[in-house]
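Reader: Could we go through this structure together? I would like to understand how its parts meet.

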Number of protein chains: 2
Amino acid sequence: MTLGVIFALLCALAALVYVAFSTGWLFWQPQGNERMREIAGAIQQGASAYLKRQSLMISVAGLLVMVALTHWLGLETGVGFLIGALLSGTAGYLAMSVSVRANLRTAEAARSGLEMALQVAFRGGAIIGLLVAGLALLGVAGYYLALAPSDPSDLAGQQQALRALIGLAFGGSLISVFARLGGGIFTKGADIGGDLVGEAENRLVENDPRSPAVVADQVGDTVGDCAGMAADLFETYALTLVATMLLGGLVFCESAPGVIVYPLVLGGVSILASIVGTFFVKLEPGDTRILSALANAWTIAGVLSFILFVPVTWLLLPSSFSLADGDVLFSRWGVLGAAGIGLLLSGLVLVITEYYTSADYWPVRGIARASDSGHAPTVIAGLAVGMKATAAPVLMICAAIWGAYALAGIYGIAIAATAMLSLTGIVLALDAFGPIADNASGIAEMAAMDEPVRRVTAALDAVGNTTKAVTKGYAIGSAALVALVLFADFTHALAAAGEPLVFALEHPAVLIGLWLGALVPYLFGALAMEAVGNAAAKMVREVRRQFRERPGILNGSERPDHAGAVDLLTKAALKEMIIPAMLPLVAPLAVGFGMQWLMGDEAGALALGGMLIGTIVTGLFVAISMTAGGGAWDNAKKSIEAGNVGGMDSNAYQAAVTGDAVGDAYKDVAGPAVNPVIKVVNLVALLMVPLL
Amino acid sequence: MTLGVIFALLCALAALVYVAFSTGWLFWQPQGNERMREIAGAIQQGASAYLKRQSLMISVAGLLVMVALTHWLGLETGVGFLIGALLSGTAGYLAMSVSVRANLRTAEAARSGLEMALQVAFRGGAIIGLLVAGLALLGVAGYYLALAPSDPSDLAGQQQALRALIGLAFGGSLISVFARLGGGIFTKGADIGGDLVGEAENRLVENDPRSPAVVADQVGDTVGDCAGMAADLFETYALTLVATMLLGGLVFCESAPGVIVYPLVLGGVSILASIVGTFFVKLEPGDTRILSALANAWTIAGVLSFILFVPVTWLLLPSSFSLADGDVLFSRWGVLGAAGIGLLLSGLVLVITEYYTSADYWPVRGIARASDSGHAPTVIAGLAVGMKATAAPVLMICAAIWGAYALAGIYGIAIAATAMLSLTGIVLALDAFGPIADNASGIAEMAAMDEPVRRVTAALDAVGNTTKAVTKGYAIGSAALVALVLFADFTHALAAAGEPLVFALEHPAVLIGLWLGALVPYLFGALAMEAVGNAAAKMVREVRRQFRERPGILNGSERPDHAGAVDLLTKAALKEMIIPAMLPLVAPLAVGFGMQWLMGDEAGALALGGMLIGTIVTGLFVAISMTAGGGAWDNAKKSIEAGNVGGMDSNAYQAAVTGDAVGDAYKDVAGPAVNPVIKVVNLVALLMVPLL
């Protein structure tokens, strides 16, 4: 067993070595002319300043939570929380640092053509992806190694170590809610505000240097899409490892001790596969299928992972075993099959998301066509596409649950989730490529680089839109599986604490919990939308004010006050994020203790169980409909910019800008933040078990 | 027992006598000048033509379903279906007939001032309300009387009679899905299409006779808001009676035989109370608080109902009894308390809906303010308000579940739902007042009546917007309770059929069912939004074409082709409604039989149970967020029309028109139709029990 953990740690270190080498290569790339460096410097400065203030604010909240955890649940959980929070924050900060250095190098590389620009942008993404996966595996495996009892058959010691790991996952998830939300409000406040005044009122193109919001928009891409997403995937990955290990410890530690470290080793070999995958992103001269070049890396990493899973499964698992509380016998190959289902699901998410958000298929085309009838039809069409886009993922998730459960029971579902998320490194590489390309495109336009260069960066940017949507679908899709694992952890933990309960839908406490849980994503979404609306409205007023007070900005004789806009947004985003971010922390406490008080001891736990499922049921729909709808609106606008449905001078374009702005609030603020919100609700409930 | 049924039938007849007398009074009111009669005639003609074609289409689908029901479940169920379908269709058709005659009489009465116009419009509404409540009670009580065994202790005979009543409820619900959806697509296709070209592109005011869509819009108000809503509340009310009777029969027929007819008698006395309530809608000269005059009728009907519930409870229920499958003893006063909770809940819905949709409070004001920043902030603000508006109703529903369950177990929840819906007569009176006032306002503007007259009808119309939103909240809020009752019916029916199951959240079949059920409202909402988008786009093209081909329309020298627009929409609405309307019928069949085939016998029933709860969990959120958000957008637009945030010449007004149009699709098509969709899914599942 210890060997397995050490192997996982070595794989995590391999990821960090890859990161170090690649960063060296990246920094060695040319940085372009002075104007480009100046713009990139402004972005870097704004992003650092924002992240520092955000960190300060989160630290205060985090320390309070840590003290509470240490007091009620012991020092090991408190320290775990600290490690998770620090690693998550570090992942976000380093992701930002890489991104703001890769952006101008990508723009400069675009002078040499598409292939070179893709290499630089993707390498930047790969650094971020493997950094996050490496840090997560390092944290979970390392802290487990530090806490695990030397005697592997010491069941109580094992479970104590695993409980402390919940603290680590919780630290990551809580930071992730703040980072996702704060970054999202920042980036979309700038984007929406800038688009509304710039594009809609003054007919500037996106990234026109005359818009005072343009630098803030780039800063936002970095702190939201890059740092926020890195923190999000850190928590998603770390939490899945912890939840699966915990389930292993709770359900059948004795009959198959290898199950606890099995997820760590799966994660380890997938990192190796992901590193190999990064070398397969290649474009032949003349080939412009960027997305399929990127998808190649995913496919290779996935197939290679599965091949490596075979010996790992053979070495770590007994040939057959049964769950502690059941008499059905599962084989090790059933578990491997469940892992295969997880990998397959991650690939299917890519295909479906592409279908709903790419301009090549009818959903986006339908929105573009609806734009011709005006603003409202555009919005209605996009809302319909988003809601419709929930069907295929939900059907697939249900199929995956059915398959994984048939093969290896609830542990099969946990392994499917782990396998799906073991690809975090390569998936995040594709995602982080997006904001780098977006920034590069912004720099190329602001620095007035040549038309062919801008065409290259714009092409990368459009693909980045799809990969960003894919990763959000991937994160929330995996959340559905992980939530079931956490629910199983919760019920098993209750049973282990001497309170075995059946969460029957017939019981009113379960139903009430279900509804209150279902309310969380809705209320959170509403608060997040309101927050971004407020931030965007401030930005609109600021941009209008600058245009009014400095008439020279629009004819190019005066420079807008970029820094003022960044500063305004920093304050607005941090202020607006507080209340929504508290919701997932407070709601389970209120429901659990409230229902206990109202309906008696059991009712508290029953309502909490209902709440866990309720949150993921509506959470999945809210998140998918928002991220898919948002991506579709965005690419519908891009398709009209490219000359369809009347092109940029038409009224259809104005309507498409409206759709895109609504989609921005959907896909980059409220939607993706639902993922960590679900996790925080789940983890708070899990941590409450000893107190119920 | 038979006495109770006969008493309920007499109350239903009393409602129909009230309807007959009031209709006589209404028809006797002056009809105004020739131009008004001409316009009203056009509306009437269009509405009749639409409803006839809709009925023909539904008949085909309905006959197929009836044959299937008769074949698999027996003649009594099939005949019940036919009765329910016919009564629901009749209720819708008569509601339309009353509405198209009350509209111009209201406009004419507005010459004598607000009080007289209110009397005429409200009396029209009261006719529709009591007609629907009377027909529903007549159908359920009458068919029960025809089928019930002469020996009240014949348990098997009782249950067979009650099962046939499910057929009646199913008939009503299925017609209601079609009527809600078809009428909604029609009315909002006209409204959105007309607004976009008329108001946004050509700056016409609403109801400008130069818009080719204006008559279609009035026809739509009649067939959607009036006939559709009548069918909707018919099914809501009839179904609740049936579900509660069924539960009474299943859980404790022997110990308290009165429980089966108890809901019928509650419904009966509430009809008497509602009739009394209608006489308390009065405005003193100079008083303009229309909403509080209307709310008076509701309050009086509610309080009087509760007073009448006391002797009914004392006469029909034993002093204490326990559920068949439990040992907790409940008192008759506990049941009365649950009924009180239901009445209270219906009042709270009014207050909350008013808060979220009236221009006096911050949600609507916030949207109006956001309009100043542009189209997208308006949409974002409205989406946020809609999502936020789910919180209070959900909390209250949870509180009601808790309270009613504590007082009288699951039967308490059923009685709370019955009491809440026993006010259907008066609630629908307030609602149906809305489209009548809307139509009157349209006629007054199209017939160019004097400014003071138009001010009166406009004031009534604005209040109608809020009452329409209230009724939708009422219908969907009650649906949450009724769905739980239907779920209990389902589990008890399974137990009675020898397959007692525990619907534990730990079971993957339950979870899969939960997710697939949760998908239904989302997918249905998406399809409905798409349908209304398509219909509106056709309307936009038609209106643009008429303006282009007949340039005289805009300067008033040529009349637009109103009938052409009506005809176009009739075809579009009927075509677009087919696929979404099939969804709630097909989904439970697919899930039940599909899961049975995949995972074995039990799994089919478990998944179906999960589906029932999943549908209502997301259904509640989808419906409330859509109806509240839509109402808020509508009144935000009205508030800007009244001169706030820049008034009608501002860009804010354009943005508000966009918000209103998105809200139209939300609040009048997708949102309210979710209510019958949930019921159909539930009823299909219930009817499937013998086949599983």
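Author: We shall discuss the contact between the two chains and then one residue; please note that this is a predicted model.

Reader: How many residues does each chain bring to the contact?

Author: Chain A contributes 72 residues, and chain B contributes 72 residues.

Reader: And what area is buried between chain A and chain B?

Author: About 6,100 Å² is buried, and carbon and sulfur atoms supply 82% of that area. On the side of chain A, the residues that lose the most area to chain B are A:Met387, A:Trp515 and A:Tyr522, which together account for 14% of what that side buries.

Reader: How many salt bridges are there between chain A and chain B?

Author: There are two salt bridges between these chains. B:Lys388 forms a salt bridge with A:Glu530, with the closest N and O atoms 3.0 Å apart. In addition, 10 residue pairs are in polar contact across the interface.

Reader: Which element gives the largest share of the side of chain A that touches chain B?

Author: That is H15(A), which provides 22 residues. Of the residues on this side of chain A, 56 are nonpolar, 11 are polar and five are charged.

Reader: New topic: where is B:Thr658 placed?

Author: B:Thr658 lies in helix H19 of chain B, which covers residues 651-688.

Reader: Is B:Thr658 buried or exposed, and why?

Author: B:Thr658 counts as buried because its relative accessibility is 4%, and the cut-off for buried is under 20%.

Reader: What does B:Thr658 touch?

Author: Leaving aside residues up to four places away in sequence, B:Thr658 touches A:His375 and A:Ala376 in chain A, together with B:His375 and B:Val379 in chain B.

Terms used:
Residues are numbered from 1 along each chain as its sequence is written. Chains are lettered from A and ligands numbered from 1 in the order in which they are written. This is a predicted model: local features need pLDDT of at least 70, side-chain atom pairs count only at pLDDT 80 or more; totals for chains, interfaces and linings use all residues. Side-chain values use heavy atoms; hydrogens and water are left out. Contact means heavy atoms within 4.5 Å. Buried area is the accessible area (1.4 Å probe) that two parts lose on being put together, summed over both. A salt bridge is a side-chain nitrogen of Lys or Arg within 4 Å of a carboxyl oxygen of Asp or Glu. A polar contact is a pair of N or O atoms within 3.5 Å; within protein, one must be able to donate a hydrogen and the other to accept it, and residues adjacent in sequence count only if both atoms are side-chain atoms. Helices (H or I, at least four residues) and strands (E, at least two) are DSSP runs, numbered from the N terminus. Ala, Val, Leu, Ile, Met, Phe, Trp, Tyr, Cys and Pro count as nonpolar, Asp, Glu, Lys and Arg as charged, and the others, Gly among them, as polar. Buried means under 20% relative accessible area, exposed over 50%, partly exposed in between (1.4 Å probe, protein chains only).
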